[in-house]
Amino acid sequence: MVVQDSTDAGDARVGVRLEPFLHQVGGHLSVMKYDEHTVCKPLIFQEQRFYESLPLAMKRFTPQYKGTITVHLQRDSRGHLSLVATPLKENRGPFKVSTESAAVAIWQTLQQTTGGTGGAHPLAQWQLAHSLEESPATSLLRSDFHLNAPVSSLVEDAKGNQAERRSFNPWGLQCHQAHLTRLCTEYPENQRHRFLLLENVVSQYKHPCILDLKMGTRQHGDDASEEKKARHVRKCAQSTSACLGVRICGMQVYQVDKKHFLCKDKYYGRKLSVEGFRQALHQFLHDGTRFRTELLEPIQHRLQALLSVIRSQSSYRFYSSSLLIIYDGQEPPERTPGGLHPQEAPQTAHGSSSGGLTKVDIRMIDFAHTTYKGSWNEHTTYDGPDPGYIFGLENLIQILQDIQEGE
């Protein structure tokens, strides 16, 4: 989707209208889709510095850092608001978004049904009534799905209970709504903002199943106020963060029998007991028809590799960072080219079968509060590896091993 950016007099540059990223399952900052292989998020200087000084051993466990872009809020002639990015120099050519993009369909509907409202709530209510064919790009959006409710109510009902949702994960839209609302109320239109450009780590998956895990026993950064520190300490104490060093912060898992994603959010994850956490991991690996046993070994292998890397990183503390576990919810063929069933095929070092049918990925994200020796605003210098993160990884691996033995 291309728009003309004429903010600067005499400068008619092509801008990229950002889309909400529909596979955002956790976090509170809005993640936007820049192109098929790239997402962006509001820039936090400490996170940018982390990516720029990233140890080589950690790069395979983090999204690729692609630099920064300038973004501004723009209103068109009909009063529709959008975030527009100035493209990278190497991408100055026309940028096109497929008309089959589910994000485009939803976003256009949001704009059509809320245009002209101006105000502080540009996405207050909307109704989705597009009829789209099932395809790799639109399979997460069911043509018979109709909605007429505030976006925020999609995540949690009036009693604070998390319900299973259909068709797409609403969390990204809620974050995007909050971000646009803040921009509308706090900043003038066309004011420039900096965004981080990062690899879209799920672009290769047809139906990306994603588990967002908040790692460690402590979530507040060294620079947190006493009020914020107390709030985060309380959240950790009341969740599996305290006893396991890990808690669920968001999840989507594709259900092949119903052809939709089952979604859970951070409020669901905070309420889980240790046994509830184990059951949620089991649910994450169940596609509605069977338990994906072939994924257990490659996931554990990748986690063990990450554990080895974290143990070797002295002074790093990954406060409030998350860990994504990703796999494709698309059912593999009945047999691999060698004649073996997927669960029988040998596993490679990177979590894929010889036919590439059980590929999994493990990625660390969200480093706004990460500190390490040499970071620009370090308040405390730590010695040795991050004990809370290691504690969480060890428990996660052990629970997966217990599930495997139980299966």
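**A tour to strand β10 and H193**

Start with the whole chain in view: it exposes about 17600 Å², of which carbon and sulfur atoms supply 49%. The model is a predicted one. Of the chain's 407 residues, 55% count as buried. Switch to a cartoon to see 9 helices and 17 strands. Contacts can be shown next: among those between residues at least 6 apart in sequence, 75% join residues at least 24 apart.

Now select residues 192–199, which form strand β10. Two pairings of this strand can be shown in turn.

Add residues 38–42, strand β5; β5 and β10 run antiparallel and are joined by 5 bridges. To find the register here, pick C40, whose bridge partner in β10 is L197.

Then add residues 65–75, strand β6, which pairs with β10 over 6 bridges, also in the antiparallel sense. For this pairing, pick T68 and look across to its bridge partner in β10, L196.

Next, zoom in on H193, a residue of β10. Is H193 buried or exposed? Its relative accessibility is 16%, so H193 counts as buried, because the cut-off for buried is under 20%.

Show the residues around H193. Leaving aside residues up to four places away in sequence, H193 touches I69, T70, V71, H72, L183 and Y187. Of these, I69, T70, V71 and H72 fall within the residue range 65–75 of β6.

Finally, display the side chain of H193 together with the backbone of Q191. The distance to pick out runs from the backbone oxygen of Q191 to a polar atom of the H193 side chain, and is 3.3 Å.

How values were computed:
Residues numbered from 1 in each chain as written. Predicted model: local features only at pLDDT ≥ 70, side-chain atom pairs only at ≥ 80, totals over all residues. Heavy atoms only, no water. Helix = DSSP H or I, 4+ residues; strand = E, 2+ residues; numbered from the N terminus. Buried < 20%, exposed > 50% of the residue type's maximum accessible area, 1.4 Å probe, protein only. Polar contact = N/O pair within 3.5 Å; in protein donor to acceptor, adjacent residues only side chain to side chain. Contact = heavy atoms within 4.5 Å. Areas by Shrake-Rupley, 256 points an atom, 1.4 Å probe, with all protein chains shown as cover. Pairing = 2+ DSSP bridges.
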